[in-house]
Amino acid sequence: MKKILKKYFGYDEFMPFQEEIIGSVLDKKDTVAILPTGGGKSLCYQLPALKFKGLTLVLSPLISLMKDQVDALKENNIVAEYINSSLYPKEILEIQNRIEQGKVKILYVAPERLAMQNFQEFLQKINIELIAVDEAHCISEWGHDFRPDYRNLKCLKTLFPKTPIIALTATATPIVQKDIVKQLSLENAKIFIDSFNRKNLSFFILQKTANTAFNRLVNLLQEYEQGSAIIYCFSRRDTENIAENLQIAGFGALPYHAGLNNKTRKQTQDLFIKGKIPIIVATIAFGMGINKPDVRLVAHYSFPKSIEEYYQQIGRAGRDGLPSKCVMFYSYSDKIKHEYFISKIEDIDEKYKVQAKLNQIVGYCEQRQCRRKFLLEYFGEKFYKENCGSCDICLGY
């Protein structure tokens with residue numbers, strides 16, 4: 001496997017847990033991999049796919065993420081394709097013909113596609129040797145990003161009872177981990193959980209006021225002029241305004257949100273990845289699958305709606321292992337904004353869950369103990385040090 005790792009991906013060594021997870025998959029065992037953002041989850045199914053003779057089917061939630069993954073695999077001379085709503089029927093038919101001929105190793109599809117009867121019938125004609133469920137927390141109602149379409153995946157074990165499944169995510173509390181196993185009907189699943197402790201990250205909460213927040217953001221960006229930065233905002237309008245004001249202040253910054261057309265979003269992402277624009281000001285639409293090593297600062301201009309979402313987003317910082325800063329601006333007025341949208345949710349159970357998630361992130365912002373300890377214990381991991389030395393509380397800010 002190390003030879004394949006070197007040949008196709010250029011790495012000499014595995015990251016923590018990758019080798020053990022790949023071994024479990026090669027043994028045809030159902031597997032759950034909980035690895036932090038940047039922990040190399042994709043390789044845990046991409047490498048076995050190269051070893052297996054048949055097809056590896058990957059369930060992925062985002063069209064843009066599928067395209068990025070497939071493009072990267074093709075650059076590494078791995079035959080991969082995706083089927084989703086961005087393709088014309090003729091293109092889908094051509095890909096399916098190539099799959100039937102055994103010319104495709106890895107196929108990415110969205111969970112919605114799996115609900116289609118004709119697609120299920122097509123898949124059952126194929127030798128599928130491995131099924132990978134990416135962002136597996138989306139299958140759990142207890143997760144931060146539950147998607148009803150992921151419930152379609154319950155049929156996998158019925159359709160392919162002998163095919164091993166690997167479920168992967170970066171953000172799963174103990175209750176979500178159990179729910180993933182239950183919902184996917186995984187049999188005697190081997191569960192691998194890497195530490196959630198990103199030692200090179202530091203955590204700071206700053207009180208946000210209308211008069212001081214932007215100036216404090218500018219000061220932060222001046223500290224990290226040698227690296228890249230991602231600034232997460234509450235709304236599309238906020239991303240536009242802050243990006244414009246940063247441009248006026250002399251920074252290379254662009255907005256990114258779902259309201260922009262696909263071409264603009266792709267251009268912005270490419271400029272950021274290639275280092276031509278150092279700052280992205282974004283809504284949560286930005287970040288899934290982004291693998292840029294030198295993000296020195298992740299700033300939340302408004303706090304997100306859950307701890308899982310926060311942890312996933314700060315995972316974009318410091319992927320090269322160098323010190324990087326995670327700063328969140330917190331204000332009561334932002335809490336009111338979140339609660340306004342929660343009040344519009346009609347489903348009582350859903351409203352309760354979303355409010356509980358919001359209460360947890362507010363608790364994180366307002367509590368006076370070590371930030372690192374709080375985060376790790378939220379994900380079920382003990383932290384025994386009295387002082388982490390890298391958060392605002394422990395540093396006495």
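Good morning. I begin with a place on the surface, where Glu 346, Asp 347, Asp 349 and Glu 350 gather in a patch of negative charge. Please keep in mind throughout that this is a predicted model.

Let us take one member of that patch, Glu 350. Glu 350 belongs to helix H15, which covers residues 348-366. Is Glu 350 buried, partly exposed or exposed? The residue counts as partly exposed, because its relative accessibility is 37%, and the partly exposed class lies between under 20% for buried and over 50% for exposed. I shall use these classes again for other residues.

Now I turn to the chain as a whole. How many helices and strands does the chain have? There are 16 helices and 13 strands. Along the principal axes, the C-alpha atoms occupy a box of roughly 65 × 50 × 40 Å. For 397 residues, a compact globule would be expected to have a radius of gyration near 21 Å, and the value for this chain, 21 Å, agrees with that. As for burial, 55% of the 397 residues count as buried.

My next topic is the salt bridges. The count for this model comes to 21, and I shall discuss a few of them.

The first example is in helix H4, residues 63-75, where Asp 71 and Lys 67 both lie. These two residues form a salt bridge, with 2.7 Å between the closest N and O atoms. They are four residues apart, about one turn of the helix. Both partners are partly exposed: Asp 71 has a relative accessibility of 27%, and Lys 67 has a relative accessible area of 32%.

The second example comes from helix H12, residues 262-273. Here Lys 266 and Asp 270 are separated by about one helical turn, because they are four residues apart in this helix. Their closest N and O atoms are 3.1 Å apart, in a salt bridge. With a relative accessibility of 34%, Lys 266 counts as partly exposed, and Asp 270, at 27%, counts as partly exposed too.

The third example joins Lys 74 and Glu 81, whose side chains meet at 3.4 Å, N to O. Which of these partners is buried, and which is partly exposed? Lys 74 is partly exposed, as its relative accessible area is 41%. Glu 81, by contrast, is buried, as its relative accessible area is 11%. This pair does not stand by itself, since Lys 74, Glu 81 and Arg 98 are linked in a network of salt bridges.

Let me finish with two residues and their distances to other parts of the chain. Val 79 sits in the loop between H4 and strand S3, residues 80-83. At 35% relative accessibility, Val 79 counts as partly exposed. How far is the C-alpha atom of Val 79 from that of Asp 179, and what separates them along the chain? The two C-alpha atoms are separated by 33 Å, and the residues are 100 residues apart along the chain.

The other residue is Tyr 232, which lies in strand S9, residues 228-232. Tyr 232 counts as buried, because its relative accessibility is 2%, and buried means under 20%. Between the C-alpha atoms of Tyr 232 and Arg 265 there are 15 Å, with these positions 33 residues apart in chain numbering.

Thank you for your attention.

Terms used
Residues are numbered from 1 along each chain as its sequence is written. This is a predicted model: local features need pLDDT of at least 70, side-chain atom pairs count only at pLDDT 80 or more; totals for chains, interfaces and linings use all residues. Side-chain values use heavy atoms; hydrogens and water are left out. Patches are made of residues with over 30% relative accessible area and no salt bridge: like charges are joined within 9 Å, nonpolar side chains (Val, Leu, Ile, Met, Phe, Trp, Tyr) within 5 Å. Accessible areas come from the Shrake-Rupley method with a 1.4 Å probe; for residues, only the protein chains shown count as cover. A salt bridge is a side-chain nitrogen of Lys or Arg within 4 Å of a carboxyl oxygen of Asp or Glu. Lys and Arg count as positive and Asp and Glu as negative; His and the chain ends are not counted. The place of a charge is taken as NZ of Lys, CZ of Arg, CG of Asp or CD of Glu. Helices (H or I, at least four residues) and strands (E, at least two) are DSSP runs, numbered from the N terminus. Buried means under 20% relative accessible area, exposed over 50%, partly exposed in between (1.4 Å probe, protein chains only). The radius of gyration is taken over C-alpha atoms; the globule rule is 2.2 Å times the number of residues to the power 0.38.
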